[in-house]
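Dear colleague,

I am passing on the structure we spoke about, and below it I have set out what was found, element by element. Please read the notes with the coordinates open beside them.

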Amino acid sequence: MTQTVMTGEPTRSADAGAGAGHDADPDKVMAFVNRAIEEVGATLNAGLVVLGDRLGYYRAMAAHGPVDAAALAAATSTAEPYVREWLNGQAAGGFVDYDPATRTYTLPVEHAIALTDESSPAFLPGFFQLALGILHDTDAVVEAARHGGGVGWHQHCSDVFLGVERFFRPGYQANLVADWLPAVGAVDRLEQGALVADLGCGHGSSTILLAQAFPRCTVIGYDYHPESIAIASERADRAGVGERVRFEQASAQAFPGTGFDLITTFDALHDMGDPVGAARHVRAALADDGIWMVVEPMAGDRPEDNFTPVGRVYYGGSTLLCTPASLAQDVGLGLGNQLGANRLREITVAGGFSRFRVAAETPFNLILDVRP
């Protein structure tokens, strides 16, 4: 029987891998075990990041500089034993620095930007919140995989919806008006006043940004999820654009209205059960000289193009969130979120569009200019 001696990290025994019934390199077996232990630590760290975000630990550390557990507990009105273990876990993972001489912990300024500044495109807690929300519903996905069904977007816990908003919003704020809309050639008509539809608007971050940047436009956000529509309406009122933005519950295959100058779809086309049907309806709703701007997760055309840290995260989300969402809908193509430009082009052509180009890229997104 293989045994592991716990002296900081696993060590191999002479017969490691012997029980597998075939020859195996014991060094490679234990190298994989050590790597897997790092993976478990990273998985649990997602919970620590969400805890630190919700309890204000990162913000307090950014404001106060070096702290010990007692000081951070006092600053956040939380129990010191939790703070002590959280700080040590964060130090072990390299999220905070530890000084043995003073027994204090410091959040580096670069890490503070990524962990506390919600206006920064580097902001990460929403990403961790989304990941934990996805994992929360793993049991439902397991059952769906056994029986070939799906798990609808609306069936997930609220951390999925809130995490999506918090993760994607800073990127939209940094890129939408400054880079993406100019890249697809939409700015002039938006400044003059245009009719805009935002499909799969969720909580309305992108919809509100469009209305704020272009006050002459009428912007309509569509989403099939009624709870998201209600939250989006509240967000618009709070942002002071409620009179120029409205939100309606409707699917991408049946939303009302025609003659749109610009239709946008942010990180949502791949989630649809019938993306070709959605493309066909967009084509019918778009003005003859209109633009469909599609923002999709960054992906190459071949699986091996996406064997990267970002691609790995996306494949995980695709397995547990995006593909089940598509399979829960009519048609249920279940294409996943790593489509690549060529597959996306095929979808738009099948929907009746004749022009397609990749207008811009970020580490997380492809921005597509699609026209009749």
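Which residues does the UniProt annotation "domain: Methyltransferase" cover? According to that record, which is an unreviewed entry, the annotation covers residues 193-298. Please keep in mind throughout that this is a predicted model. Within the model, the span of residues 193-298 is 32% helix and 33% strand, and its end C-alpha atoms lie 31 Å apart.

The next point concerns a pair of helices. Helix α12 is formed by residues 275-285 and helix α14 by residues 340-350, and their axes come within 7 Å of each other, crossing at roughly 55°. Because that angle falls neither under 35 degrees nor in the range of 65 to 115, α12 and α14 are described as oblique to each other. The crossing of α12 and α14 is, moreover, right-handed. On the α12 side the contact is made by Pro-275, Val-276, Ala-279 and Arg-280, while α14 contributes Ile-347, Thr-348 and Ala-350. Sorted by character, the residues of this contact comprise five nonpolar, one polar and one charged.

A residue that may be worth displaying is Leu-286, which is placed in strand β7, residues 286-297. Is Leu-286 buried or exposed? Its relative accessible area is 4%, and since buried means under 20%, Leu-286 counts as buried. Leaving aside neighbours within four places in sequence, Leu-286 is in contact with Phe-260, Asp-261, Leu-262, Ile-263, Ile-291, Trp-292, Phe-353 and Pro-372. The C-alpha atom of Leu-286 is also separated by 5.2 Å from that of Gly-259, although these two residues are 27 residues apart along the chain.

Finally, there are two residues whose backbone angles you may wish to check. Asp-267, which lies in the loop between β6 (260-266) and α12, has a positive phi of about 50° although it is not a glycine. Val-331, which lies in the loop between α13 (309-327) and α14, is likewise not a glycine and has a positive phi of about 75°. How do Asp-267 and Val-331 count, buried or exposed? Asp-267 has a relative accessibility of 11% and so counts as buried, whereas Val-331, at 58%, counts as exposed, the cut-off for which is over 50%.

With best wishes

Methods:
Residues are numbered from 1 along each chain as its sequence is written. This is a predicted model: local features need pLDDT of at least 70, side-chain atom pairs count only at pLDDT 80 or more; totals for chains, interfaces and linings use all residues. Side-chain values use heavy atoms; hydrogens and water are left out. UniProt positions are given in the numbering used here, feature names are shortened, and annotations may be inferred rather than shown by experiment. Helices (H or I, at least four residues) and strands (E, at least two) are DSSP runs, numbered from the N terminus. Axes are lines fitted to C-alpha atoms, for helices over the stretch in contact, and angles run from 0 to 180 degrees between N-to-C directions. Angles under 35 degrees count as roughly parallel, over 145 as roughly antiparallel, 65 to 115 as roughly perpendicular and the rest as oblique. A crossing is left-handed if the near helix is turned anticlockwise from the far one by less than a right angle, and right-handed if clockwise. Contact means heavy atoms within 4.5 Å. Ala, Val, Leu, Ile, Met, Phe, Trp, Tyr, Cys and Pro count as nonpolar, Asp, Glu, Lys and Arg as charged, and the others, Gly among them, as polar. Buried means under 20% relative accessible area, exposed over 50%, partly exposed in between (1.4 Å probe, protein chains only).
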